[in-house]
Amino acid sequence: MPYLPAGFPDGAWLPDVVVALGEQFASHGHELSLVGGPVRDLFLGRTSPDLDFTTDATPDEIIAAVAGWADAHWDIGRDFGTIGIRKGDDTIEVTTYRAEAYDPASRKPQVQFGTNLADDLVRRDFTVNAMALRLPSWELVDPHGGVKDLVAQRLRTPSTPEESFSDDPLRMMRAARFASQLGLDVADDVRAAMTAMAGRLEIVSAERVREELVKLICGAHPRIGVDLLVETGLADVVIPEVPALKRTDDEHRRHKDVYQHSLQVMEQAAGLETDDDGPVPGPDFILRFAALMHDVGKPKTRRFEPGGGVSFRHHDVVGAKLTRKRMQALRFDKDTIKAVTRLVELHMRFYGYGDAGWSDSAVRRYVTDAGDQLERLHRLTRSDVTTRNRRKAERLAHAYDDLEERIAVLAEQEELAKIRPHLNGEQIMDVLGIPPGPQVGKAYSFLLEHRMENGPVAEDEAVLVLKEWWAEQE
(Lines give C-alpha, C1' and ligand atoms only; values in the text may rest on other atoms or scores of the structure.)
Protein backbone atom coordinates (compact mmCIF):
# COMPACT_ATOMS: atom_id res chain seq x y z
CA MET A 1 0.00 0.00 0.00
CA PRO A 2 2.32 2.79 -1.19
CA TYR A 3 1.62 6.32 -0.01
CA LEU A 4 1.96 9.12 -2.54
CA PRO A 5 4.78 11.69 -2.23
CA ALA A 6 4.50 15.30 -1.07
CA GLY A 7 2.13 17.40 -3.15
CA PHE A 8 -0.70 14.93 -2.86
CA PRO A 9 -3.24 15.04 -0.03
CA ASP A 10 -1.92 13.66 3.26
CA GLY A 11 -2.55 9.96 3.57
CA ALA A 12 -3.29 9.47 -0.13
CA TRP A 13 -2.39 5.94 -1.18
CA LEU A 14 -2.89 3.41 -3.93
CA PRO A 15 -2.97 -0.39 -4.01
CA ASP A 16 0.31 -2.24 -4.48
CA VAL A 17 -0.91 -3.52 -7.83
CA VAL A 18 -0.69 0.01 -9.27
CA VAL A 19 3.05 0.20 -8.67
CA ALA A 20 3.61 -3.37 -9.82
CA LEU A 21 1.75 -2.78 -13.09
CA GLY A 22 3.70 0.42 -13.75
CA GLU A 23 6.97 -1.44 -13.31
CA GLN A 24 5.72 -4.25 -15.52
CA PHE A 25 4.98 -1.87 -18.41
CA ALA A 26 8.22 0.07 -17.92
CA SER A 27 10.19 -3.18 -18.15
CA HIS A 28 8.60 -3.71 -21.58
CA GLY A 29 9.42 -0.19 -22.74
CA HIS A 30 5.86 1.22 -22.52
CA GLU A 31 4.35 4.25 -20.83
CA LEU A 32 1.58 3.66 -18.29
CA SER A 33 -0.53 6.13 -16.33
CA LEU A 34 -3.35 5.81 -13.85
CA VAL A 35 -6.03 8.06 -15.29
CA GLY A 36 -9.45 9.60 -14.73
CA GLY A 37 -11.63 8.77 -11.75
CA PRO A 38 -8.99 7.10 -9.55
CA VAL A 39 -6.75 10.17 -9.79
CA ARG A 40 -9.66 12.55 -9.17
CA ASP A 41 -10.69 10.55 -6.11
CA LEU A 42 -7.19 10.83 -4.61
CA PHE A 43 -7.81 14.57 -4.23
CA LEU A 44 -11.33 14.02 -2.91
CA GLY A 45 -10.16 11.64 -0.19
CA ARG A 46 -12.21 8.81 -1.69
CA THR A 47 -11.32 5.26 -2.64
CA SER A 48 -12.15 4.71 -6.28
CA PRO A 49 -13.93 1.43 -7.09
CA ASP A 50 -12.16 1.25 -10.46
CA LEU A 51 -8.53 1.21 -11.56
CA ASP A 52 -8.26 2.65 -15.07
CA PHE A 53 -4.95 2.98 -16.90
CA THR A 54 -3.86 4.41 -20.23
CA THR A 55 -0.76 3.51 -22.24
CA ASP A 56 1.05 3.99 -25.53
CA ALA A 57 0.99 0.21 -25.98
CA THR A 58 -1.41 -1.30 -28.50
CA PRO A 59 -3.88 -3.96 -27.34
CA ASP A 60 -1.56 -6.74 -28.52
CA GLU A 61 1.38 -5.08 -26.73
CA ILE A 62 -0.70 -4.75 -23.54
CA ILE A 63 -1.39 -8.49 -23.58
CA ALA A 64 2.30 -9.22 -24.18
CA ALA A 65 3.33 -6.91 -21.32
CA VAL A 66 1.15 -8.65 -18.73
CA ALA A 67 1.70 -12.20 -19.97
CA GLY A 68 2.96 -14.31 -17.08
CA TRP A 69 2.22 -11.51 -14.57
CA ALA A 70 -1.57 -11.23 -14.72
CA ASP A 71 -3.72 -14.06 -13.42
CA ALA A 72 -6.11 -13.57 -16.32
CA HIS A 73 -6.94 -11.13 -19.09
CA TRP A 74 -9.81 -10.61 -21.53
CA ASP A 75 -10.05 -8.60 -24.72
CA ILE A 76 -13.79 -7.98 -25.07
CA GLY A 77 -12.98 -4.26 -25.39
CA ARG A 78 -10.13 -4.75 -27.87
CA ASP A 79 -11.91 -2.78 -30.63
CA PHE A 80 -11.91 0.21 -28.28
CA GLY A 81 -8.31 -0.37 -27.25
CA THR A 82 -9.19 -1.78 -23.83
CA ILE A 83 -7.81 -4.96 -22.26
CA GLY A 84 -9.16 -6.24 -18.95
CA ILE A 85 -6.77 -7.74 -16.42
CA ARG A 86 -7.18 -9.60 -13.15
CA LYS A 87 -4.36 -9.70 -10.63
CA GLY A 88 -5.28 -11.29 -7.34
CA ASP A 89 -8.45 -9.58 -6.13
CA ASP A 90 -7.93 -6.53 -8.35
CA THR A 91 -9.68 -5.98 -11.68
CA ILE A 92 -7.92 -3.53 -13.97
CA GLU A 93 -8.59 -1.97 -17.37
CA VAL A 94 -5.75 -0.72 -19.55
CA THR A 95 -6.62 1.33 -22.63
CA THR A 96 -4.42 2.47 -25.48
CA TYR A 97 -4.14 6.26 -25.89
CA ARG A 98 -7.05 7.19 -28.07
CA ALA A 99 -9.15 9.84 -29.71
CA GLU A 100 -12.74 9.16 -30.60
CA ALA A 101 -15.69 11.04 -32.04
CA TYR A 102 -19.32 10.42 -32.90
CA ASP A 103 -20.64 10.61 -36.40
CA PRO A 104 -23.70 12.92 -36.17
CA ALA A 105 -25.99 10.08 -37.23
CA SER A 106 -24.29 7.24 -35.35
CA ARG A 107 -24.74 5.76 -31.87
CA LYS A 108 -21.23 4.25 -31.86
CA PRO A 109 -17.89 6.03 -31.45
CA GLN A 110 -15.32 5.97 -34.21
CA VAL A 111 -12.18 4.88 -32.36
CA GLN A 112 -8.74 6.11 -33.31
CA PHE A 113 -5.68 5.21 -31.26
CA GLY A 114 -3.47 8.09 -30.14
CA THR A 115 0.27 8.30 -29.63
CA ASN A 116 0.76 10.44 -26.51
CA LEU A 117 -0.79 11.15 -23.12
CA ALA A 118 -1.51 14.83 -23.78
CA ASP A 119 -3.71 14.06 -26.80
CA ASP A 120 -5.50 11.38 -24.82
CA LEU A 121 -6.29 13.70 -21.90
CA VAL A 122 -7.67 16.54 -24.04
CA ARG A 123 -10.28 14.16 -25.46
CA ARG A 124 -11.63 13.22 -22.02
CA ASP A 125 -14.96 14.48 -20.73
CA PHE A 126 -14.10 16.95 -17.93
CA THR A 127 -10.96 18.51 -16.50
CA VAL A 128 -11.44 16.73 -13.16
CA ASN A 129 -11.23 13.45 -15.09
CA ALA A 130 -8.42 14.59 -17.40
CA MET A 131 -5.63 14.05 -14.89
CA ALA A 132 -3.11 11.23 -14.98
CA LEU A 133 -0.44 9.79 -12.71
CA ARG A 134 2.58 8.50 -14.60
CA LEU A 135 3.89 5.20 -13.31
CA PRO A 136 6.10 4.27 -11.68
CA SER A 137 7.43 7.85 -11.31
CA TRP A 138 4.30 9.29 -9.56
CA GLU A 139 4.39 12.37 -11.85
CA LEU A 140 1.00 14.14 -11.85
CA VAL A 141 -0.06 15.26 -15.32
CA ASP A 142 -2.80 17.90 -15.10
CA PRO A 143 -2.63 20.09 -18.22
CA HIS A 144 -6.20 21.41 -17.93
CA GLY A 145 -6.37 22.46 -14.29
CA GLY A 146 -8.38 19.56 -12.91
CA VAL A 147 -7.09 19.98 -9.36
CA LYS A 148 -7.97 23.69 -9.37
CA ASP A 149 -11.45 22.87 -10.61
CA LEU A 150 -11.92 20.32 -7.85
CA VAL A 151 -10.92 22.92 -5.27
CA ALA A 152 -13.30 25.43 -6.87
CA GLN A 153 -16.01 22.73 -7.14
CA ARG A 154 -16.36 23.53 -10.82
CA LEU A 155 -17.07 21.28 -13.81
CA ARG A 156 -15.35 22.28 -17.07
CA THR A 157 -14.30 20.46 -20.24
CA PRO A 158 -10.66 20.16 -21.44
CA SER A 159 -11.58 21.25 -24.97
CA THR A 160 -14.59 23.42 -25.78
CA PRO A 161 -17.86 21.98 -24.47
CA GLU A 162 -19.17 21.82 -28.02
CA GLU A 163 -16.23 19.65 -29.11
CA SER A 164 -16.50 17.45 -26.04
CA PHE A 165 -20.24 16.85 -26.42
CA SER A 166 -19.91 16.26 -30.14
CA ASP A 167 -17.34 13.56 -29.42
CA ASP A 168 -19.83 11.84 -27.11
CA PRO A 169 -23.25 13.38 -26.38
CA LEU A 170 -23.60 11.16 -23.32
CA ARG A 171 -21.12 13.50 -21.64
CA MET A 172 -23.99 15.93 -21.14
CA MET A 173 -25.67 13.33 -18.95
CA ARG A 174 -22.36 12.73 -17.21
CA ALA A 175 -22.16 16.44 -16.38
CA ALA A 176 -25.48 16.20 -14.54
CA ARG A 177 -24.33 12.94 -12.94
CA PHE A 178 -21.13 14.52 -11.58
CA ALA A 179 -23.15 17.49 -10.32
CA SER A 180 -25.24 14.97 -8.38
CA GLN A 181 -22.40 12.76 -7.17
CA LEU A 182 -19.79 15.38 -6.34
CA GLY A 183 -21.83 18.54 -5.85
CA LEU A 184 -19.88 20.36 -8.59
CA ASP A 185 -21.18 23.55 -10.21
CA VAL A 186 -21.37 23.29 -13.98
CA ALA A 187 -19.48 26.11 -15.72
CA ASP A 188 -21.61 28.58 -17.66
CA ASP A 189 -20.22 27.58 -21.06
CA VAL A 190 -20.81 23.91 -20.27
CA ARG A 191 -24.39 24.62 -19.24
CA ALA A 192 -24.97 26.67 -22.40
CA ALA A 193 -23.62 23.89 -24.62
CA MET A 194 -25.78 21.30 -22.84
CA THR A 195 -28.84 23.44 -23.52
CA ALA A 196 -27.97 24.04 -27.17
CA MET A 197 -27.03 20.42 -27.88
CA ALA A 198 -29.57 18.53 -25.76
CA GLY A 199 -31.18 17.02 -28.84
CA ARG A 200 -27.91 15.25 -29.72
CA LEU A 201 -28.53 12.90 -26.81
CA GLU A 202 -31.15 11.14 -28.93
CA ILE A 203 -28.41 9.34 -30.90
CA VAL A 204 -27.07 7.66 -27.74
CA SER A 205 -28.37 4.19 -26.89
CA ALA A 206 -31.07 3.93 -24.24
CA GLU A 207 -28.89 1.58 -22.20
CA ARG A 208 -26.05 4.11 -21.85
CA VAL A 209 -28.48 6.89 -20.95
CA ARG A 210 -30.15 4.65 -18.39
CA GLU A 211 -26.87 3.86 -16.63
CA GLU A 212 -26.05 7.54 -16.26
CA LEU A 213 -29.54 8.29 -14.99
CA VAL A 214 -29.26 5.59 -12.33
CA LYS A 215 -25.92 6.96 -11.13
CA LEU A 216 -27.37 10.48 -11.06
CA ILE A 217 -30.42 9.47 -9.02
CA CYS A 218 -28.17 7.56 -6.60
CA GLY A 219 -25.79 10.48 -6.14
CA ALA A 220 -25.30 12.49 -2.96
CA HIS A 221 -27.16 15.47 -4.47
CA PRO A 222 -29.80 14.02 -6.83
CA ARG A 223 -31.92 17.17 -6.74
CA ILE A 224 -29.06 19.19 -8.27
CA GLY A 225 -28.61 16.61 -11.03
CA VAL A 226 -32.30 16.37 -11.93
CA ASP A 227 -32.67 20.15 -11.87
CA LEU A 228 -29.77 20.46 -14.30
CA LEU A 229 -31.37 17.93 -16.65
CA VAL A 230 -34.60 19.92 -16.62
CA GLU A 231 -33.01 23.37 -16.97
CA THR A 232 -30.88 22.34 -19.96
CA GLY A 233 -33.63 20.43 -21.76
CA LEU A 234 -31.91 17.05 -21.42
CA ALA A 235 -34.82 15.82 -19.35
CA ASP A 236 -37.12 16.41 -22.32
CA VAL A 237 -35.17 13.63 -24.04
CA VAL A 238 -34.58 11.31 -21.08
CA ILE A 239 -37.54 11.69 -18.70
CA PRO A 240 -39.96 14.20 -20.29
CA GLU A 241 -42.61 13.40 -17.67
CA VAL A 242 -40.56 15.30 -15.06
CA PRO A 243 -40.30 18.70 -16.77
CA ALA A 244 -43.98 18.28 -17.68
CA LEU A 245 -44.71 18.60 -13.95
CA LYS A 246 -44.03 22.33 -14.26
CA ARG A 247 -47.11 22.63 -16.43
CA THR A 248 -49.36 21.77 -13.49
CA ASP A 249 -48.93 25.29 -12.09
CA ASP A 250 -51.61 27.91 -12.71
CA GLU A 251 -51.52 31.66 -12.46
CA HIS A 252 -53.75 31.71 -9.39
CA ARG A 253 -51.46 29.35 -7.45
CA ARG A 254 -54.34 27.13 -6.43
CA HIS A 255 -52.03 24.15 -6.16
CA LYS A 256 -48.48 23.58 -4.97
CA ASP A 257 -45.52 23.53 -7.34
CA VAL A 258 -45.61 19.84 -8.25
CA TYR A 259 -42.13 19.86 -9.78
CA GLN A 260 -40.43 21.29 -6.71
CA HIS A 261 -42.59 19.07 -4.52
CA SER A 262 -41.37 15.99 -6.41
CA LEU A 263 -37.73 17.00 -5.97
CA GLN A 264 -38.31 17.51 -2.26
CA VAL A 265 -40.03 14.13 -1.92
CA MET A 266 -37.03 12.50 -3.62
CA GLU A 267 -34.66 14.23 -1.21
CA GLN A 268 -36.75 13.26 1.81
CA ALA A 269 -37.02 9.66 0.63
CA ALA A 270 -33.24 9.47 0.29
CA GLY A 271 -33.00 10.74 3.85
CA LEU A 272 -35.06 7.76 5.06
CA GLU A 273 -32.79 5.13 3.52
CA THR A 274 -31.06 2.79 5.94
CA ASP A 275 -27.55 1.47 6.36
CA ASP A 276 -26.56 -1.85 4.84
CA ASP A 277 -28.16 -3.79 7.69
CA GLY A 278 -31.54 -2.03 7.35
CA PRO A 279 -34.53 -2.84 5.13
CA VAL A 280 -33.77 -0.17 2.49
CA PRO A 281 -30.00 0.30 2.19
CA GLY A 282 -29.03 3.53 0.49
CA PRO A 283 -28.57 4.77 -2.08
CA ASP A 284 -31.72 3.03 -3.30
CA PHE A 285 -32.62 3.80 -6.92
CA ILE A 286 -36.08 2.23 -6.78
CA LEU A 287 -37.22 4.36 -3.84
CA ARG A 288 -35.67 7.57 -5.16
CA PHE A 289 -36.95 7.19 -8.70
CA ALA A 290 -40.44 6.30 -7.49
CA ALA A 291 -40.36 9.46 -5.37
CA LEU A 292 -39.34 11.55 -8.37
CA MET A 293 -42.00 10.02 -10.61
CA HIS A 294 -44.85 9.61 -8.11
CA ASP A 295 -46.85 12.61 -9.38
CA VAL A 296 -46.11 12.40 -13.13
CA GLY A 297 -49.76 11.54 -13.74
CA LYS A 298 -50.91 14.97 -12.55
CA PRO A 299 -50.47 16.93 -15.82
CA LYS A 300 -52.81 14.52 -17.64
CA THR A 301 -55.40 14.41 -14.84
CA ARG A 302 -55.55 18.05 -13.73
CA ARG A 303 -59.05 19.49 -13.56
CA PHE A 304 -60.19 22.91 -12.36
CA GLU A 305 -63.23 22.45 -10.15
CA PRO A 306 -66.23 24.84 -10.09
CA GLY A 307 -65.41 26.03 -6.58
CA GLY A 308 -61.92 27.15 -7.60
CA GLY A 309 -60.01 24.06 -6.52
CA VAL A 310 -57.81 21.77 -8.55
CA SER A 311 -58.15 17.98 -8.68
CA PHE A 312 -55.95 15.18 -9.99
CA ARG A 313 -58.22 12.16 -9.80
CA HIS A 314 -56.53 8.81 -10.50
CA HIS A 315 -53.16 10.46 -11.08
CA ASP A 316 -51.57 7.54 -9.23
CA VAL A 317 -52.85 5.01 -11.77
CA VAL A 318 -52.03 7.24 -14.74
CA GLY A 319 -48.61 7.99 -13.28
CA ALA A 320 -47.82 4.31 -12.89
CA LYS A 321 -48.62 3.71 -16.57
CA LEU A 322 -46.47 6.67 -17.67
CA THR A 323 -43.61 5.50 -15.45
CA ARG A 324 -43.77 1.97 -16.83
CA LYS A 325 -43.71 3.24 -20.41
CA ARG A 326 -40.74 5.53 -19.73
CA MET A 327 -38.72 2.84 -17.95
CA GLN A 328 -39.39 0.38 -20.75
CA ALA A 329 -38.10 2.95 -23.25
CA LEU A 330 -34.93 3.26 -21.14
CA ARG A 331 -34.53 -0.55 -21.18
CA PHE A 332 -34.86 -1.12 -17.44
CA ASP A 333 -35.24 -4.71 -16.34
CA LYS A 334 -38.72 -6.04 -15.58
CA ASP A 335 -38.21 -6.37 -11.82
CA THR A 336 -37.09 -2.75 -11.42
CA ILE A 337 -39.98 -1.51 -13.57
CA LYS A 338 -42.45 -3.56 -11.55
CA ALA A 339 -41.11 -2.26 -8.22
CA VAL A 340 -41.08 1.42 -9.19
CA THR A 341 -44.51 1.39 -10.84
CA ARG A 342 -46.04 -0.47 -7.89
CA LEU A 343 -44.82 2.29 -5.56
CA VAL A 344 -46.16 5.03 -7.83
CA GLU A 345 -49.50 3.26 -8.07
CA LEU A 346 -49.82 2.82 -4.30
CA HIS A 347 -48.46 6.15 -3.07
CA MET A 348 -51.96 7.60 -2.49
CA ARG A 349 -53.43 4.54 -0.80
CA PHE A 350 -52.67 5.74 2.74
CA TYR A 351 -54.48 9.10 2.50
CA GLY A 352 -57.78 9.00 4.29
CA TYR A 353 -56.54 6.55 6.89
CA GLY A 354 -56.12 9.30 9.46
CA ASP A 355 -59.67 10.57 8.94
CA ALA A 356 -61.72 7.40 8.56
CA GLY A 357 -59.46 4.68 9.90
CA TRP A 358 -59.15 1.27 8.30
CA SER A 359 -60.56 -2.13 9.11
CA ASP A 360 -58.16 -5.01 9.63
CA SER A 361 -59.07 -6.22 6.14
CA ALA A 362 -57.97 -2.88 4.65
CA VAL A 363 -54.64 -3.15 6.46
CA ARG A 364 -54.19 -6.67 5.13
CA ARG A 365 -54.85 -5.47 1.58
CA TYR A 366 -52.37 -2.62 1.97
CA VAL A 367 -49.62 -5.03 2.99
CA THR A 368 -50.55 -7.65 0.40
CA ASP A 369 -50.72 -5.13 -2.45
CA ALA A 370 -47.36 -3.63 -1.45
CA GLY A 371 -45.77 -7.08 -1.30
CA ASP A 372 -41.99 -6.88 -1.12
CA GLN A 373 -42.14 -3.10 -1.62
CA LEU A 374 -43.76 -2.42 1.77
CA GLU A 375 -40.67 -0.93 3.42
CA ARG A 376 -40.11 1.36 0.45
CA LEU A 377 -43.80 2.30 0.44
CA HIS A 378 -43.55 3.30 4.09
CA ARG A 379 -40.73 5.69 3.22
CA LEU A 380 -42.31 7.04 0.05
CA THR A 381 -45.59 7.78 1.82
CA ARG A 382 -43.87 9.58 4.68
CA SER A 383 -41.71 11.54 2.23
CA ASP A 384 -44.77 12.69 0.28
CA VAL A 385 -45.65 15.09 3.11
CA THR A 386 -44.08 18.45 2.21
CA THR A 387 -46.69 20.78 3.66
CA ARG A 388 -45.52 23.79 5.66
CA ASN A 389 -48.56 23.37 7.90
CA ARG A 390 -46.90 21.80 10.92
CA ARG A 391 -50.16 20.63 12.47
CA LYS A 392 -51.16 18.82 9.27
CA ALA A 393 -47.73 17.26 8.90
CA GLU A 394 -47.79 16.02 12.50
CA ARG A 395 -51.29 14.61 12.05
CA LEU A 396 -50.25 12.63 8.97
CA ALA A 397 -47.07 11.40 10.67
CA HIS A 398 -49.02 10.20 13.72
CA ALA A 399 -51.57 8.48 11.47
CA TYR A 400 -48.84 6.62 9.62
CA ASP A 401 -47.19 5.69 12.91
CA ASP A 402 -50.50 4.15 13.91
CA LEU A 403 -50.80 2.27 10.61
CA GLU A 404 -47.29 0.82 10.95
CA GLU A 405 -48.10 -0.30 14.51
CA ARG A 406 -51.25 -2.04 13.30
CA ILE A 407 -49.31 -3.72 10.52
CA ALA A 408 -46.75 -4.94 13.06
CA VAL A 409 -49.45 -6.35 15.35
CA LEU A 410 -51.30 -8.12 12.54
CA ALA A 411 -48.02 -9.38 11.10
CA GLU A 412 -47.23 -11.14 14.38
CA GLN A 413 -50.65 -12.74 14.41
CA GLU A 414 -51.12 -13.65 10.77
CA GLU A 415 -47.84 -13.55 8.78
CA LEU A 416 -49.24 -10.79 6.56
CA ALA A 417 -46.53 -11.10 3.97
CA LYS A 418 -47.61 -14.69 3.25
CA ILE A 419 -51.39 -14.41 3.23
CA ARG A 420 -52.95 -17.38 1.44
CA PRO A 421 -56.33 -19.10 1.69
CA HIS A 422 -56.44 -21.95 4.21
CA LEU A 423 -57.20 -24.36 1.40
CA ASN A 424 -54.98 -24.83 -1.64
CA GLY A 425 -56.07 -25.87 -5.11
CA GLU A 426 -55.91 -29.61 -4.47
CA GLN A 427 -57.92 -29.28 -1.26
CA ILE A 428 -60.53 -27.19 -3.07
CA MET A 429 -60.94 -29.87 -5.75
CA ASP A 430 -61.26 -32.57 -3.08
CA VAL A 431 -63.88 -30.65 -1.07
CA LEU A 432 -65.97 -29.69 -4.11
CA GLY A 433 -65.32 -32.83 -6.15
CA ILE A 434 -64.39 -30.87 -9.25
CA PRO A 435 -61.54 -31.28 -11.77
CA PRO A 436 -58.88 -28.66 -12.56
CA GLY A 437 -60.32 -25.66 -14.37
CA PRO A 438 -61.65 -22.10 -14.03
CA GLN A 439 -63.97 -23.03 -11.16
CA VAL A 440 -60.99 -23.90 -8.98
CA GLY A 441 -59.53 -20.45 -9.59
CA LYS A 442 -62.83 -18.78 -8.70
CA ALA A 443 -63.06 -20.78 -5.49
CA TYR A 444 -59.47 -19.90 -4.60
CA SER A 445 -60.18 -16.19 -5.19
CA PHE A 446 -63.28 -16.41 -3.01
CA LEU A 447 -61.32 -17.99 -0.14
CA LEU A 448 -58.56 -15.39 -0.48
CA GLU A 449 -61.17 -12.61 -0.29
CA HIS A 450 -62.69 -14.28 2.78
CA ARG A 451 -59.21 -14.47 4.35
CA MET A 452 -58.65 -10.75 3.73
CA GLU A 453 -61.97 -9.77 5.24
CA ASN A 454 -62.07 -12.11 8.22
CA GLY A 455 -58.52 -13.03 9.04
CA PRO A 456 -57.34 -16.58 9.71
CA VAL A 457 -59.90 -19.33 10.30
CA ALA A 458 -59.59 -23.02 11.12
CA GLU A 459 -59.49 -25.48 8.21
CA ASP A 460 -62.86 -27.04 9.04
CA GLU A 461 -64.45 -23.59 9.06
CA ALA A 462 -62.82 -22.82 5.72
CA VAL A 463 -64.31 -26.05 4.31
CA LEU A 464 -67.76 -25.05 5.54
CA VAL A 465 -67.48 -21.53 4.11
CA LEU A 466 -66.35 -22.96 0.77
CA LYS A 467 -69.25 -25.42 0.60
CA GLU A 468 -71.78 -22.65 1.39
CA TRP A 469 -70.32 -20.49 -1.35
CA TRP A 470 -70.36 -23.39 -3.82
CA ALA A 471 -74.01 -24.08 -3.09
CA GLU A 472 -74.86 -20.50 -4.02
CA GLN A 473 -73.10 -20.92 -7.38
CA GLU A 474 -75.37 -23.78 -8.47
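**Rings, cores and cut-offs**

User: How many aromatic pairs turn up in a search of the whole structure?

Analyst: Eight aromatic pairs, counting over the whole structure. Keep in mind that this is a predicted model.

User: Take F289 and F332. What makes them an aromatic pair, and why is that pair called stacked?

Analyst: Two numbers settle that one. Ring centres have to lie within 6.5 Å to pair, and planes under 30 degrees apart count as stacked. F289 and F332 come in at 6.3 Å centre to centre with 25 degrees between the planes, so the pair passes the distance cut-off and gets the stacked label.

User: Which parts of the chain does that pair tie together?

Analyst: F289 belongs to helix α13, while F332 sits in the loop between α15 and α16, so the pair joins parts that are 43 residues apart in sequence. There's a third ring involved too: ring pairs link F285, F289 and F332 into a cluster.

User: How do you know whether F289 and F332 are buried or exposed?

Analyst: The bar for buried is under 20% relative accessible area. F289 has 0% relative accessibility, so it counts as buried. F332 has a relative accessible area of 11%, and is therefore buried as well.

User: What makes you say helix α13 is mostly covered?

Analyst: Just count along residues 285-293: nine of the nine residues in α13 are buried. The list includes F285, R288, F289 and M293.

User: What covers the buried residues of α13?

Analyst: Several other helices do, including α9 (206-217), α10 (222-232), α12 (258-271), α15 (315-329), α16 (334-346) and α19 (374-383).

User: Which residues have the most contacts inside the largest nonpolar core?

Analyst: F53 and F289, in a core of 111 residues. Setting aside neighbours within four places in sequence, F289 is in contact with L213, I217, I239, M327 and V340. Apart from that core lies another one, of 13 residues, with A443, V463, L466 and W469 among them.

User: Now H144. Where is it, and why is it called buried?

Analyst: H144 is in the loop between β9 (139-141) and α5 (146-152). The relative accessible area of H144 is 18%, and the cut-off is under 20%, so buried is the right word.

User: What does H144 touch?

Analyst: Leaving out residues up to four places away in sequence, H144 touches L121, V122, T127, A130, D149, R156 and P158.

User: And A26: which class does it fall into, and why?

Analyst: A26, in helix α1 (residues 16-27), has a relative accessible area of 40%. Buried needs under 20% and exposed needs over 50%, so a value in between is called partly exposed. A26 also gives a neat case of sequence versus space: A26 and P136 are 110 residues apart in sequence but 7.8 Å apart in space, C-alpha to C-alpha.

User: Zooming out, how much of the protein is buried, and what share of contacts comes from residues 24 or more positions apart?

Analyst: Buried residues make up 49% of the 474 residues. Among contacts with a separation of 6 or more, 64% are between residues 24 or more positions apart.

User: What about overall build, surface and charge?

Analyst: The protein has 23 helices and 13 strands, and its C-alpha trace spans about 90 × 60 × 45 Å along the principal axes. About 23000 Å² is exposed, with carbon and sulfur atoms supplying 48% of that. As for charge, there are 59 positive and 79 negative, and their mean positions are 6 Å apart.

Definitions and conventions:
Residues are numbered from 1 along each chain as its sequence is written. This is a predicted model: local features need pLDDT of at least 70, side-chain atom pairs count only at pLDDT 80 or more; totals for chains, interfaces and linings use all residues. Side-chain values use heavy atoms; hydrogens and water are left out. Helices (H or I, at least four residues) and strands (E, at least two) are DSSP runs, numbered from the N terminus. Buried means under 20% relative accessible area, exposed over 50%, partly exposed in between (1.4 Å probe, protein chains only). Contact means heavy atoms within 4.5 Å. Accessible areas come from the Shrake-Rupley method with a 1.4 Å probe; for residues, only the protein chains shown count as cover. Lys and Arg count as positive and Asp and Glu as negative; His and the chain ends are not counted. The place of a charge is taken as NZ of Lys, CZ of Arg, CG of Asp or CD of Glu. A nonpolar core is a set of buried Ala, Val, Leu, Ile, Met, Phe, Trp, Tyr and Cys residues joined through side-chain atoms within 4.5 Å. Rings of Phe, Tyr and Trp (its six-membered ring) pair if their centres lie within 6.5 Å; planes under 30 degrees apart count as stacked, over 60 as edge-to-face and the rest as tilted.
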